[in-house]
Amino acid sequence: MYKLVLKEAWISINSNKLRSFLTTLGIIIGVCAVVMMVGAGEAVRNIINERFVAMGSNLLIVHPGTARTTGLRGTDTNTRASMTFDDVEKLKEVKGVLTASPVIATRGQAVYQGKNWNVFMYGTNSDFLIAGNWSLEKGLILTERDIKGASLNVMIGQTIVKELFPNTEPLGEYIRVRNIPFKIIGILKTKGQNMMGHDQDNALIMPITTMKRRFENKSIPNLIDRAYVKIDDAEPLNVIEERIRKAMRVAHNIKDGEMDDFEIRNMAELVKNIEMIGLFLSILLSVIASISLIVGSIGIVNMMLVSVTERTKEIGIRKVVGALNKWIMIQFLTESILISLIGSLIGLVLGVLFSQIAGLIMEVNVPISMWSGVISL
């Protein structure tokens with residue numbers, strides 16, 4: 001009996017090809033949209049997680065905030081606070097801090113044999129790779145001797161290798177920045193983009209003393225832009241963060257009740273907030289895509305109502321020859337189920353296909369979310 005019902009349903013669908021196709025098309029578009037939107041949301045969340053791993057969950061960044069100085073008649077005037085090498089040494093003494101590294105950052109045009117590329121330059125010390133969770137692919141790292149002697153040795157990231165040394169071994173070569181020749185002694189491993197979309201592989205790392213001497217204002221020799229602080233995973237992050245805050249307030253002579261003149265950027269907290277935004281975005285995209293599913297469902301209802309009206313005589317003949325109301329209802333429901341099933345399967349295949357093609361074009365790994373297809377079906 002069930003085989004006969006399926007056969008009759010297929011004959012009915014096949015006899016109204018255009019109407020059946022248009023009805024199925026609504027389901028195809030709906031399921032395809034849901035699969036693609038859920039895949040896009042998952043891809044965004046994965047990218048966030050990958051960048052978080054690259055930056056490290058045990059990294060804090062301390063940088064100057066806003067200092068408040070009292071002017072005439074008690075008027076507060078906002079000025080930019082400062083951080084110094086002494087602050088970094090104080091941070092190293094905090095319990096739970098593994099190491100801290102001072103950083104000065106600027107941009108410059110790197111030149112090699114007629115090719116040039118705009119790079120991010122970091123002046124730092126020998127602990128920077130550890131503090132910033134960097135890894136060396138080959139060559140040497142900057143040493144204390146480089147720092148003390150303000151050497152012209154540098155390490156470069158993979159983006160610079162790709163742009164300036166596509167067919168050349170960079171180690172031992174000289175790269176010029178503002179007409180100053182720097183010797184490449186180390187190549188960094190790929191690190192990818194950070195949470196703000198900044199290409200961390202487009203980095204040229206030199207001794208902080210060299211940065212001060214060659215590119216910074218010599219009238220303020222002790223100032224830095226920020227400090228990278230690597231902490232011990234064995235202790236709660238918020239506890240160590242509070243210790244750092246207290247140590248910085250003491251170092252800057254900040255009294256009780258006064259605002260901090262520095263800021264502590266917690267990478268784990270930042271990623272948690274961004275992940276929450278990514279989750280809401282994924283849910284929003286799925287809800288928007290589901291609207292097309294509702295439209296497709298309404299299309300099926302409309303088609304079946306029209307079908308019942310057109311086949312009133314057929315229904316009457318079936319009843320005359322003894323067909324039960326239950327079997328007549330099953331006949332029409334089977335047609336709608338077949339249309340839904342066919343549309344859902346095609347939509348699922350197209351959704352996966354289009355999302356993977358989009359991933360290849362954008363060079364992003366788009367996960368295949370089968371549960372979204374199952375739920376849509």
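In the predicted model, glutamate 242 is partly exposed, its relative accessible area being 38%. This residue forms a salt bridge with arginine 245, for which the closest N and O atoms are 3.9 Å apart. The two residues lie three apart in helix α8 and are therefore separated by about one helical turn. Arginine 245 also forms a salt bridge with glutamate 241, and here the closest N and O atoms are 3.5 Å apart. Because arginine 245 and glutamate 241 are four residues apart in helix α8, about one helical turn separates this pair as well. Arginine 245 itself is partly exposed, with a relative accessible area of 23%, whereas glutamate 241 counts as buried at 14% relative accessibility, a value that falls under the 20% limit for that class. Side chains of opposite charge can pair when their charged atoms come close.

These pairs belong to a wider arrangement, since Glu241, Glu242, Arg245, Arg249 and Asp260 are linked in a network of salt bridges. Arginine 249, a member of this network, lies in helix α8, which spans residues 237-251. With a relative accessible area of 16%, arginine 249 is buried. Its side chain reaches the backbone oxygen of glutamate 258 at a distance of 3.1 Å. When residues up to four places away in sequence are not counted, arginine 249 touches Ile254, Lys255, Asp256, Gly257, Glu258, Met259, Asp260 and Phe262. Asp260 thus appears both among these contacts and in the salt-bridge network.

The structure holds 11 salt bridges. One of them is placed elsewhere in the sequence, where glutamate 314 forms a salt bridge with arginine 311, the closest N and O atoms being 3.0 Å apart. In this pair, glutamate 314 is partly exposed, with a relative accessible area of 29%, while arginine 311 counts as buried at 13% relative accessibility.

A further buried basic residue is lysine 212, with 10% relative accessibility, which lies in helix α7, comprising residues 208-215. The side chain of lysine 212 reaches the backbone oxygen of leucine 223 at 2.5 Å. Lysine 212 and asparagine 222, which are 10 residues apart in sequence, have a C-alpha to C-alpha separation of 8.9 Å.

With regard to the nonpolar interior, the largest nonpolar core has 42 residues, and those with the most contacts inside it are Val62, Ile156, Ile175, Leu204, Val229 and Ile244. Strand β5, made up of residues 97-112, gives the most to this core, contributing five residues. Another core, of 19 residues, lies apart from it and includes Ile13, Met304, Ile328 and Ile339. For leucine 204, the contacts that remain once residues up to four places away in sequence are left out of the count are with Val119, Phe120, Met121, Tyr122, Val154, Met155, Ile156, Ile160, Ile175 and Val177. Two of these partners, Ile156 and Ile175, are likewise listed among the residues with the most contacts inside the largest core. In soluble globular proteins, nonpolar side chains tend to be buried together.

Helix α2, which covers residues 17-55, contains threonine 24, and leucine 25 is also placed in helix α2. Threonine 24 counts as buried at 10% relative accessibility, whereas leucine 25, at 31%, counts as partly exposed. Not counting residues up to four places away in sequence, threonine 24 touches Ile339, Ile342 and Gly343; of these partners, Ile339 is among the residues of the 19-residue core. Leucine 25, by contrast, takes part in a nonpolar patch on the surface, formed with Leu18, Phe21, Leu22 and Ile29, and these residues together have about 500 Å² of accessible area.

At the level of the whole protein chain, the secondary structure comes to 12 helices and 14 strands. Of the 377 residues of the chain, 42% count as buried. The accessible surface of the protein chain comes to about 20800 Å², and 61% of this area belongs to carbon and sulfur atoms. Among the contacts between residues at least 6 apart in sequence, 74% join residues that are at least 24 apart.

Definitions and conventions:
Residues are numbered from 1 along each chain as its sequence is written. This is a predicted model: local features need pLDDT of at least 70, side-chain atom pairs count only at pLDDT 80 or more; totals for chains, interfaces and linings use all residues. Side-chain values use heavy atoms; hydrogens and water are left out. Buried means under 20% relative accessible area, exposed over 50%, partly exposed in between (1.4 Å probe, protein chains only). A polar contact is a pair of N or O atoms within 3.5 Å; within protein, one must be able to donate a hydrogen and the other to accept it, and residues adjacent in sequence count only if both atoms are side-chain atoms. Contact means heavy atoms within 4.5 Å. Patches are made of residues with over 30% relative accessible area and no salt bridge: like charges are joined within 9 Å, nonpolar side chains (Val, Leu, Ile, Met, Phe, Trp, Tyr) within 5 Å. Accessible areas come from the Shrake-Rupley method with a 1.4 Å probe; for residues, only the protein chains shown count as cover. A salt bridge is a side-chain nitrogen of Lys or Arg within 4 Å of a carboxyl oxygen of Asp or Glu. A nonpolar core is a set of buried Ala, Val, Leu, Ile, Met, Phe, Trp, Tyr and Cys residues joined through side-chain atoms within 4.5 Å.
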